[in-house]
Amino acid sequence: MTPPSPLPLTSLPRTSRRGLLLGTGALAAAGALAACAPKGSSTSTTSSTPVAVSTDIASLPKQTLTVWDQETRGGQNAQMEQLNAAFMEKYPNITISRNSQSFEDLQSTLRLALSGEDAPDVVQANNGRATLGQFVSAGQVISLDPWIPTYGWDSAYSPSILSYSSYSADATTFGEGSLWGLPQVGESVGIYYSPSRLSELGLSAPATWEDFTAQLPTIKEAGKVPLMLGNVEKWPALHVFGPVQGAHVDPETIRALGFGNAGASWDTPENLAAATEIQEWATKGYFNEGFNGADYDATWQSFSQGEGIYLIAGSWLAADLHSAMGQDVAFLLPPKAKGMSKTASTGGTGLPFAITSAAKDPNVAAAYIAFITSAEAMKVLADNGNVPVNDTATYATGEASVTNDVMKGFSALTTEGEVLPYLDYATPTFDQVIGDALQSLLDNRTKPQEFLDTLQAAYTEFTGK
């Protein structure tokens with residue numbers, strides 16, 4: 001996709017618009033995080049360093065704002081290039097030095113960077129305890145609370161979405177307290193497919209979870225690959241397991257497990273059913289050959305070039321798949337399973353942008369975050385095929401396209417469905433624990449109960465219960 005030319009975003013956001021889809025919908029009503037909205041303060045970062053809030057960025061001396069992000073794919077990269085250019089056009093005295101890395105590379109380099117002498121000013125950090133939570137605990141990021149009333153983030157964002165980036169000052173409590181980051185995009189995991197490939201097999205998009213799973217052996221018998229998965233990085237299998245778990249386990253249990261809150265258990269018949277189902281998919285050959293050693297990006301690209309029938313993945317792939325496949329790609333949420341009252345799937349927000357404690361001028365960093373999350377910025381995101389976290393329904397058109405599918409899907413999930421957290425949020429090391437455990441489960445090296453025992457041990461060690 002050719003990036004559109006930069007738009008003149010001529011004012012800093014002072015919007016009072018609340019996200020239509022995320023206000024008091026299913027996320028809040030079902031208690032995805034039973035949290036209060038972060039309280040704004042104009043004098044403190046919830047640390048020992050006071051902040052005098054200012055929006056007079058244009059009068060500052062010339063300086064460089066260093067930003068690290070993970071928006072490397074087509075539509076994501078295009079939106080950042082466009083927004084950065086517009087910010088520098090508005091503020092010629094500010095030069096953005098952008099360091100964009102893959103999710104995996106950013107995860108591995110960010111910790112070292114924040115402890116170094118040349119730490120960036122603004123970073124994208126995974127919401128979970130393993131990343132943002134540890135940065136909060138170590139004092140490596142500063143609270144956004146002082147700027148909340150200035151930029152109206154408490155009215156532009158729903159309390160539920162803000163809570164995804166909220167921690168107590170010591171990071172022991174996830175989901176409430178101060179605000180430490182702000183996301184641009186909404187995310188939902190769903191099922192991509194090619195309508196023409198389904199039609200060639202005499203199939204149509206499934207209406208229920210049972211319809212979907214019943215198609216897998218049919219596709220396999222036809223000599224096609226039912227499910228594409230590249231899992232060498234380990235985290236992609238979490239996005240496949242999430243919808244499977246959502247078809248078997250009640251949402252409140254998944255939320256407690258995903259956010260590392262005491263009182264739930266992995267060792268249940270429902271979780272056992274989910275682990276058994278995803279292992280059977282692997283043992284019956286429903287995934288592409290060598291999936292545990294296959295690269296994530298290479299696999300979805302193979303899907304875009306004609307391999308496989310279904311790809312369970314996040315909404316962030318929509319722009320690139322549309323660019324490669326045109327109108328012959330569609331997206332649907334995991335269809336509702338029998339016995340479940342609502343559709344459920346992994347989702348929430350993209351990685352939030354945070355201000356590091358090493359930022360040369362936190363006001364410049366805050367102005368940048370406000371700029372790239374403004375109402376005008378949401379339109380730039382949508383124009384580049386991404387899912388704005390606020391006012392999502394505004395940007396879906398009536399035409400048939402995968403980008404409209406994902407926007408409508410995010411809308412449906414957050415207003416009518418059950419949004420489930422990314423499971424790696426649970427503990428500071430749970431990304432590795434569940435990543436390794438899923439690889440072993442899918443390779444048939446461990447049994448489903450052993451898989452659950454591993455997760456339960458890590459969960460109880462962290463929660464103490």
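Of the 465 residues in the protein chain, 59% are buried, and it should be said at the outset that the structure described here is a predicted model. The secondary structure of the chain comes to 19 helices and 13 strands. Among the contacts in the chain with a separation of 6 or more, 79% are accounted for by residues that stand 24 or more positions apart.

**The nonpolar core**

In soluble globular proteins, nonpolar side chains tend to be buried together. In this model the largest nonpolar core has 140 residues, and those with the most contacts inside it are Trp 153, Tyr 192, Trp 266, Trp 281 and Tyr 310. Helix α15, which runs through residues 362-372, gives the most to this core, with 9 residues. The core draws at least three residues from domain 1 (57-186 + 350-402) and at least three from domain 2 (187-348 + 413-463).

Trp 266 shows what such a core residue touches: leaving aside its neighbours within four places in sequence, its contacts include Phe 241, Gln 245, Leu 257 and Asn 271, as well as Leu 423, Phe 430, Ile 434 and Tyr 459.

Leu 182 offers another view of the interior. The residue is placed in the loop between β6 and β7, and it counts as buried because its relative accessibility is 0%. Beyond its neighbours within four places in sequence, Leu 182 is in contact with Leu 144, Trp 153, Tyr 157, Leu 162, Pro 352, Phe 353, Ile 369 and Thr 373. The C-alpha atoms of Leu 182 and Ala 354 are separated by 6.8 Å, although these residues are 172 residues apart along the chain.

**Aromatic pairs**

A search of the whole structure finds 23 aromatic pairs. A pair of aromatic rings is described by the distance of the centres and the angle of the planes, and two pairs that involve Tyr 425 are set out below.

| Pair | Centre to centre | Angle between planes | Arrangement |
|---|---|---|---|
| Phe 174 and Tyr 425 | 5.8 Å | 65° | edge-to-face |
| Phe 259 and Tyr 425 | 5.7 Å | 40° | tilted |

Phe 174 lies in the loop between β5 (166-167) and β6 (178-179), while Tyr 425 lies in the loop between β13 (418-420) and α18 (430-442), so their pair ties together parts that are 251 residues apart in sequence. Phe 174 counts as buried at 4% relative accessibility, and Tyr 425 counts as buried at 1%. Phe 259, for its part, lies in the loop between α11 (251-258) and α12 (269-283), and its pair with Tyr 425 therefore ties together parts that are 166 residues apart in sequence. Both Phe 259 and Tyr 425 are buried.

Elsewhere, Tyr 193, Trp 209, Phe 212, Trp 281, Phe 287, Phe 291 and Tyr 310 form one aromatic cluster.

**Helix α13 and its cover**

Helix α13, residues 296-304, has as its buried residues Tyr 296, Thr 299, Trp 300, Phe 303 and Ser 304. These residues cover an arc of only 145° around the axis, which means that they are on the same side of α13. What covers them includes the strands β7 (186-193), β8 (227-228) and β9 (310-314), together with the helices α8 (195-200), α10 (236-246) and α14 (318-325). Phe 303 also has a charged partner, since Arg 197 lies over the face of its ring, at 4.8 Å from the ring centre.

Key:
Residues numbered from 1 in each chain as written. Predicted model: local features only at pLDDT ≥ 70, side-chain atom pairs only at ≥ 80, totals over all residues. Heavy atoms only, no water. Core = buried A, V, L, I, M, F, W, Y, C linked by side-chain atoms within 4.5 Å. Buried < 20%, exposed > 50% of the residue type's maximum accessible area, 1.4 Å probe, protein only. Helix = DSSP H or I, 4+ residues; strand = E, 2+ residues; numbered from the N terminus. Domains from an automatic or database assignment. Contact = heavy atoms within 4.5 Å. Phe/Tyr/Trp six-rings, centres within 6.5 Å; stacked < 30°, edge-to-face > 60°. Lys NZ or Arg CZ within 6 Å of the ring centre and 35° of its normal. Arc of directions from axis to C-beta.
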